Amino acid sequence: MPYLKILRAEVPQVHVLSKDVTTLGRSGEVDMPIRGDRGVSKLHARIESEAAGYVITDLGSRNGTYVNDHPVAGEPAPLLSGDHIRVGQTVLVFEGGEPDGTHSAGTGTADAEAVASKDDPQAPASLFRADQLPYTQAGRPPVRQRAGADNHLLKLTDLSKAVMTVRSEAELGDLVTRRLLEWLEADCCAIVHPLDTEDGYDLEIRSLVSRTGREAGGISISTTAVKQALENRMASITTNALGDERFRDQHSVILRGLASILCVPLWHEDRVFGLLYLDSSDPAAQFTVDHLGLVSAAANLAAIKTDNLRLFDAAVAKSALDKELALAGEIQAGLLPGERYVFQRLACAGKLQSCAAIGGDYYDFIPIGENVLTVTIADVTGHGPSSAMLMVACKTMLTTLIEIRVPLTERVTRLNEYMVHHAASNQFITFFHAEIDLEHRSLNYCNAGHNPPMLLPPGDAPPARLHSAGPPLGIVSCPFDLETVDFPPGSRLVMYTDGITEASDPEGVLYEEDRLESLLTRCRRQDADALKNSILAELLEFTAGREQDDDVTLAVVEYTT
């Protein structure tokens, strides 16, 4: 009967686990009191006997319970013969046999008692922690000795060399399943991947091989075994599949007369990629813990290679995507009017700095006849490809409406209707659009929810903010009002997006409109290009080189004297 043995005790202590539930702690009311260790809680842990073996549960102790230096948290942890249990400063060894003096301190491996015997047809399936199995090479010899059973290390070395040259997951699956089928003389070997469903787990077969002359006829893995493998990284072995409760309703198990089944998770760095499954119908060639250790090592090797293949594929895909985005960024930059633009006596300067390869901001200068220049700045919600596509659609449609001489407010109304019906429900555009009329020295504009551009009149008058009078484009169908202000020679119009006013310093303080207005007041005599550069320089100093979170766009128009 299994027992616990305290290591390094002055007087050897052994506690036989004769009850289904055994409690440990410092209290005198527990089944196994641990005296003299202040790190042990009064009621520290509980060991229980289950159908698949023994498990230990921490009972909310102050200093925790550890099995082989792994913390036991939340779910019960299975115990293998030779496992070291630490509670406080006390270390106990869980042994699976009788305390007759023939058992040495644990080695961390499972012994023959962990495997169902063929002489006990009702023996339950056994469960094992997958992170221990690659090192599990101790165990009872198989009922029928297989050729090369003692050459596991050589086999794994050979498999490792072959795996290095594999270029795809399909090739990897075929290699691993064929090797394991040959080594263990199994009937069937498969790699399956989990598919989440509303009812739990479903499985997708990725690789499946069977012995020559035998049809695989499908595979049968219980939902319990799947859950154990995927959620708890538990491997399972049964040497009596027909008598295993977990497979009782699996018709293929009955029809094929399966005797032995292995189910091992494919895991690496806490990620479970799938399951490795093997079965055999030969009762004289049952799987053992020895085989489970070999299969688990192969599964771990396959999982590491799977991870590497996916990382490589992701890197290749990202490289291709980066090239496409870089090209899209160049195309987008080509749609802008450039950083300097001159129309009659209007000198214009602009700059767009995207926080991604492509962005959703936009500015433009488009003339109408000889005396009118349209100026625009816009900001699509978000940034990236979807925002950039919507920005291109907005620019294209606006350019067409200007070229066919649609009046200003009607242009904005038509753009809005288009966005309401075609943009995604979570997308909209803040939009400022104006006409500078040189003949009448006026600026006519519509502001659809955009940051208020700042108008610097000639002389020393303070900057005026051109606030919005309507909602952003794409939210609701509505008319837009036309606003008019004077724009005589010496005037300057500064348009910007919230990437400037909402930029923050290392302490999280925002730049905001008041700071921008103060700068414009100090630098109001500068020409358009110098004023643009002054704003960007101060913004860079303010953020102290902090990476921008949004697209930064700025456009300045100067009516030269």
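**Strands and their pairing in a predicted model**

Val16 is partly exposed, with a relative accessible area of 32% (partly exposed lies between buried, under 20%, and exposed, over 50%, for a 1.4 Å probe and protein chains only). This residue belongs to strand 2, which covers residues 13-16 (strands are DSSP runs of E with at least two residues, numbered from the N terminus). The model is predicted, so local features need pLDDT of at least 70 and side-chain atom pairs pLDDT 80 or more, while totals for chains, interfaces and linings use all residues. Residues are numbered from 1 along each chain as its sequence is written, and side-chain values use heavy atoms, without hydrogens or water.

**The open sheet**
- Five strands make up an open sheet in the order 4-3-5-6-9, and the pairing within this sheet is mixed (two strands pair if DSSP finds at least two bridges between them).
- Strand 4 (32-33) and strand 9 (77-79) each have a single partner strand, so they stand at the edges of the sheet and one side of each is left without a neighbour there.
- Strand 3, which spans residues 21-25, runs parallel to strand 4 and is joined to it by 2 bridges.
- Within this parallel pair, the residue that stands opposite Gly25 is Pro33 in strand 4.

**Strand 23 and its cover**
- Strand 23, made of residues 442-448, is mostly covered, with 7 of its 7 residues buried.
- The cover extends to both faces of strand 23, where Ser442, Asn444, Cys446 and Ala448 are buried on one side, and Leu443, Tyr445 and Asn447 are buried on the other.

**Partners of strand 23**
- Strand 22, which spans residues 429-437, runs antiparallel to strand 23, and 7 bridges join the two.
- Across this antiparallel pair, Ile436 has Leu443 of strand 23 as its bridge partner, and Leu443 is itself among the buried residues of strand 23.
- Strand 22 and strand 23 also form a hairpin with 4 residues between them, and in the turn Arg441 has a positive phi of about 50°.
- Strand 26, which covers residues 483-486, is likewise antiparallel to strand 23, and is joined to it by 4 bridges.
- In this second pairing, Ser442 has Asp486 of strand 26 as its bridge partner, and Ser442 lies on the face of strand 23 that also carries Asn444, Cys446 and Ala448.
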